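Please open the model in your viewer and keep the selection panel at hand. This tour goes from one selection to the next, and at each stop it says what is there.

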Amino acid sequence: MKKTTKYIALSLATYMTLSPLAVKAETNENLDIIPISAPITDKEVQIKDYINYEGKIVEIKNDGDKLSMLIKAEDDEYGLILHINEDVILLNHKAKDFTDKDKLKEGMTITAYYAKHTPMLLSLPGQLTPGVIVVKESEEPSFIKVSGFNEDLVSGENDLKLNISEDTVIVNKDGEKVEKEDIKDKDLIVFYTASTKSIPAQTTPEKIIVIKETLKEEKVEITEITALDKIIIDGKEVKLTNLIYTNDEGIKMIPLRQIAEALGYEVKWNNKARSAELTKGAQYTSIVIGEDNYNFAKMLIKLGTAPEFKDSTSYVPISFLEEVLKLGVEITKEGIINIGL
């Protein structure tokens with residue numbers, strides 16, 4: 001069995017009942033849905049390896065091992081609820097070192113970093129478990145970069161290259177020393193104070209913390225889908241009325257409505273706007289024919305292929321299932337698309 005993509009995503013903590021933070025997510029009536037046409041800030045549009053959100057801690061709910069907090073940016077009416085578990089890396093910006101969750105206090109300014117494939121509950125405010133939280137306690141010039149770095153130590157956004165010196169401190173998330181040869185193709189937290197004006201900018205970091213052991217996602221090109229009239233969803237075969245096809249760019253396109261409804265989504269088509277909206281509980285996304293813009297957690301995602309309209313049917317690239325709906329997809333040895341819930 002070949003896998004199209006296997007994402008290593010941070011787990012979403014169990015949603016807790018929070019006093020003013022409480023959000024009921026059982027029905028759409030309790031949620032404000034964010035349509036793709038809603039105003040979106042530049043911070044939300046950036047689809048980096050890690051997305052950052054900076055704000056002040058408004059409220060903290062601590063039930064022993066379970067800690068959640070609401071943070072708000074100045075221009076954000078709703079903010080973001082962060083669920084903190086033992087896998088979240090807590091850092092102090094000034095000390096450039098680890099800190100403890102007991103030191104988090106209301107009124108502190110923090111920056112939360114979460115991997116681009118982190119599940120988010122599309123409530124208002126949104127809820128997620130971040131990968132890294134940095135407490136800001138100083139205005140002194142110092143920068144942090146959280147990203148994947150390739151074998152040349154260039155960030156995933158191609159905006160920063162690392163030049164390691166003998167003075168650069170390198171540790172893992174447990175504080176243990178890591179050799180400089182072992183930080184290539186890794187997700188890193190980088191502390192630095194200055195960089196060149198080149199593209200990418202270059203810097204000699206003061207400290208590096210390795211987030212996880214591997215950056216490269218296990219991807220296999222989709223070249224062996226031979227069953228065009230059926231798929232498998234959660235172990236059950238679904239016969240397709242509209243066949244899967246390969247577009248002019250060689251991308252496998254799947255019929256949106258039938259597959260989405262089989263996954264439990266309600267699909268609404270707007271003929272005038274040539275758009276479709278998908279809702280399932282708190283989850284929401286929409287597509288516009290001919291526009292390579294898909295939304296997830298109030299962010300626009302580009303898949304490199306726009307939705308297409310063929311034979312009175314809307315089609316999206318197969319990557320829509322993983323990148324937007326966050327589903328696991330495999331290709332069986334019989335050439336059938338197998339979707340896991």
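Which residue in β4 is the bridge partner of L67? Select L67 together with strand β4, and you will find that the partner is I84. Please keep in mind throughout that this is a predicted model.

**The whole chain**

Before going further, colour the protein by secondary structure, which comes to 3 helices and 29 strands. Of the 341 residues in the protein, 47% are buried, while the exposed surface is about 17500 Å², with carbon and sulfur atoms supplying 47% of that area. If you display contacts between residues at least 6 apart in sequence, 61% of them join residues that are at least 24 apart.

**The open sheet around β3**

Next, select the open sheet of 8 strands, whose order is β6-β5-β9-β7-β2-β3-β4-β8 and whose pairing is mixed. Its edge strands are β6 (97-98) and β8 (126-128), each of which pairs on one side only. Strands of a sheet pair through backbone hydrogen bonds, in either the parallel or the antiparallel sense.

Now narrow the selection to strand β3, residues 66-72, where 5 of the 7 residues are buried, so the strand is largely enclosed by the rest of the structure. On one side β3 is joined to strand β2 (residues 50-63) by 7 bridges, the two strands running antiparallel, and here D63 stands opposite K66 in β3. Strand β4 (residues 80-84) also pairs with β3 in the antiparallel sense, over 5 bridges, and this is the pairing in which L67 meets I84.

Moving to another pair of strands in the sheet, select β7 (residues 109-115) and β9 (residues 132-136), which run antiparallel and are joined by 5 bridges. Within this pair, I110 has V135 in β9 as its bridge partner.

**Two nonpolar cores**

In soluble globular proteins, nonpolar side chains tend to be buried together. To see the largest nonpolar core here, which has 32 residues, begin with I231, L263, F320, L321, I337 and I339, the members that touch the most other members. Several elements supply at least two residues each to this core, among them β17 (230-233), β22 (275-280), α3 (319-323) and β29 (337-340). The largest share, 3 residues, comes from α2.

Centre the view on F320 and show its surroundings: beyond its neighbours within four places in sequence, F320 is in contact with L256, L278, T285, I287, Y294, L303 and L325. A second, separate core of 21 residues can then be selected, and its members include I51, M69, L82 and V88.

**P317 and its surroundings**

Select P317, which lies in strand β27 (residues 313-317). Is P317 buried or exposed? Its relative accessibility is 1%, so P317 counts as buried. Apart from neighbours within four places in sequence, P317 is in contact with I251, K252, M253, I254, Y294, L303 and T305. If you also select A306, 11 residues away along the chain, the C-alpha atoms of P317 and A306 are separated by 7.7 Å.

**Charged side chains**

There are 6 salt bridges to look for in the model. Start with K145 and E157, whose closest N and O atoms are 2.8 Å apart. K145 lies in strand β10 (residues 143-149) and E157 in the loop between β10 and β11 (160-162), so this salt bridge ties together parts that are 12 residues apart in sequence. K145 is buried, with a relative accessible area of 9%, whereas E157 is partly exposed, at 24%.

K145 also forms a salt bridge with D159, the closest N and O atoms being 3.0 Å apart. D159 too is in the loop between β10 and β11, 14 residues from K145, and counts as partly exposed at 34% relative accessibility.

For a salt bridge within a helix, select R257 and E261, where the closest N and O atoms are 3.0 Å apart. The two residues are 4 residues apart in helix α2, which means that about one helical turn separates them. R257 is partly exposed at 36% relative accessibility, and E261 is partly exposed at 41%. Returning to the earlier group, K145, E157 and D159 are joined into one network by salt bridges that share partners.

**A last stop at K186**

Finally, select K186 in strand β13 (residues 186-192), a residue that is buried, with a relative accessible area of 12%. Show D182 as well: its backbone oxygen lies 3.2 Å from a polar atom of the side chain of K186.

Note on methods. Residues are numbered from 1 along each chain as its sequence is written. This is a predicted model: local features need pLDDT of at least 70, side-chain atom pairs count only at pLDDT 80 or more; totals for chains, interfaces and linings use all residues. Side-chain values use heavy atoms; hydrogens and water are left out. Buried means under 20% relative accessible area, exposed over 50%, partly exposed in between (1.4 Å probe, protein chains only). A polar contact is a pair of N or O atoms within 3.5 Å; within protein, one must be able to donate a hydrogen and the other to accept it, and residues adjacent in sequence count only if both atoms are side-chain atoms. Two strands pair if DSSP finds at least two bridges between them. A nonpolar core is a set of buried Ala, Val, Leu, Ile, Met, Phe, Trp, Tyr and Cys residues joined through side-chain atoms within 4.5 Å. Contact means heavy atoms within 4.5 Å. Accessible areas come from the Shrake-Rupley method with a 1.4 Å probe; for residues, only the protein chains shown count as cover. A salt bridge is a side-chain nitrogen of Lys or Arg within 4 Å of a carboxyl oxygen of Asp or Glu.
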